[in-house]
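Please open the model in a viewer and follow the stops below in order. The tour concerns aromatic rings and the charges placed over them.

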Amino acid sequence: MSMKVNFSYAFTLNFKEAVRKHAFCLRMLPISNGVQTLLDWELRINNDVPFFVTKDGFGNDLLFGTIEKFHRNFEAMLTGSVAFHGSYQYKDNENAALYLHPTTLTPFSPLSRDYLETLMLPQSPLSLTKMLNQTIFQNFEYLAGVSTTTCDADALLLRHNGVCQDFSHLLITLLRLSNIPARYVAGFIDGEGESHAWVEAFIDGYWRGFDPTNGVMLEHQPYIKIAHGRDFMDCRLNRGVFIGKSQQNLHVNVTVAREEQ
C-alpha cells in the first residue's frame with residue numbers, strides 16, 4: 001500500500017534587535033530512502049532569499065545561504081509531499097558500526113549500565129529493542145520544559161521526565177550498550193505541532209524505526225524522516241551565525257496530513 005502525505009514546516013526566528021550577515025543552515029528537507037520518497041517541495045526564506053542545497057556527512061540534506069542586510073526576523077516556510085511504500089524497514093550504504101559508540105548526549109555511564117542490568121532482557125535483538133522501547137515509554141513521563149538540548153540520557157534517568165529527544169537518547173544508549181547499532185532521527189509526524197525525534201535500530205541487516213515517546217515500533221505510520229545522526233547534535237534543524245545581539249525567540253509549526261491512495 002502506497003500512502004501520500006502532505007506536509008508544511010514553518011518557523012520564525014524573531015530577533016530583539018536587527019541583525020545582519022546572517023549565515024543560516026537548515027535541515028528540514030525530507031530524505032528519500034527505502035521507506036519514503038520526497039515527491040515535491042517548495043521553500044521560501046523571508047519570501048525571496050536565495051539558498052543552496054548540499055549534504056552533510058550522514059547524507060542529510062542541508063539548505064544554506066546568507067542574508068546580508070539588516071533584518072528583525074528569519075522566516076522559513078517549507079511545503080511538499082512524501083510517498084510512503086511498505087513497512088519501516090530498509091537498508092542504506094552507511095556502516096552500522098558507526099552507531100555503536102557513546103557520544104556526549106548518549107554516554108555509557110555507570111547510571112545507564114546499572115539501569116540496563118535491572119532489566120530482564122530477551123536474547124533476540126528485535127525482542128530486546130521492542131522491550132526497551134516499551135520500558136522507556138511506560139516508566140518515564142513526557143514533560144515539556146524540564147530539559148534542554150544539551151541534556152544527555154543520564155538526565156532522563158535521574159529526572160524520570162523529559163521530551164522526545166531525551167526518550168530517544170536513552171533508548172539509543174541502552175541499545176548501543178546491548179551491542180545494537182542505533183541512530184537518532186529527527187522528523188515530522190502525523191498531526192500538528194513541532195518536530196519529533198525517534199530511533200532507528202539496525203536489526204538483522206535492516207534499519208527499523210522505534211518511537212519510545214509513544215511506545216510504538218514503526219510500521220506504516222507516516223513518520224517523515226528529515227535527518228539522522230549519532231545524537232541530536234548531528235540533526236539540528238536550524239543553525240546560524242550573524243552579526244548583532246543574539247536575543248531571539250523561535251516559533252515552530254508543523255502540519256502533516258495523509259492522502260489515502
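A charge counts as sitting over a ring if NZ of Lys or CZ of Arg is within 6 Å of the ring centre and within 35 degrees of the ring normal. The model shown here is predicted.

First stop: select Arg183 and Trp207. The charged end of Arg183 is placed over the ring of Trp207, at 3.7 Å from its centre.

Next, select Lys91 together with Tyr206. Here Lys91 lies over the face of Tyr206, and the distance to the ring centre is 4.9 Å.

The tour now turns from charges to pairs of rings, of which the structure holds 15. Select Tyr9 and Phe188: their ring centres are 4.9 Å apart and their planes meet at 35°, so this pair is tilted. Tyr9 belongs to strand S1 (residues 2-26) and Phe188 to strand S9 (residues 182-188), so the pair ties together parts that are 179 residues apart in sequence. Are these two residues buried or exposed? Both Tyr9 and Phe188 are buried.

Remain on strand S1 and select Phe24, then add Phe74. With ring centres 5.2 Å apart and planes at 40°, the pair of Phe24 and Phe74 is also tilted. Phe24 lies in strand S1, whereas Phe74 lies in strand S5 (residues 71-85), so parts 50 residues apart in sequence are tied together by this pair. Phe24 and Phe74 are buried as well.

For the last stop, select Phe7, Tyr9, Phe11, Phe24, Phe74 and Phe188 together; ring pairs link these residues into a cluster.

How values were computed
Residues numbered from 1 in each chain as written. Predicted model: local features only at pLDDT ≥ 70, side-chain atom pairs only at ≥ 80, totals over all residues. Heavy atoms only, no water. Phe/Tyr/Trp six-rings, centres within 6.5 Å; stacked < 30°, edge-to-face > 60°. Helix = DSSP H or I, 4+ residues; strand = E, 2+ residues; numbered from the N terminus. Buried < 20%, exposed > 50% of the residue type's maximum accessible area, 1.4 Å probe, protein only.
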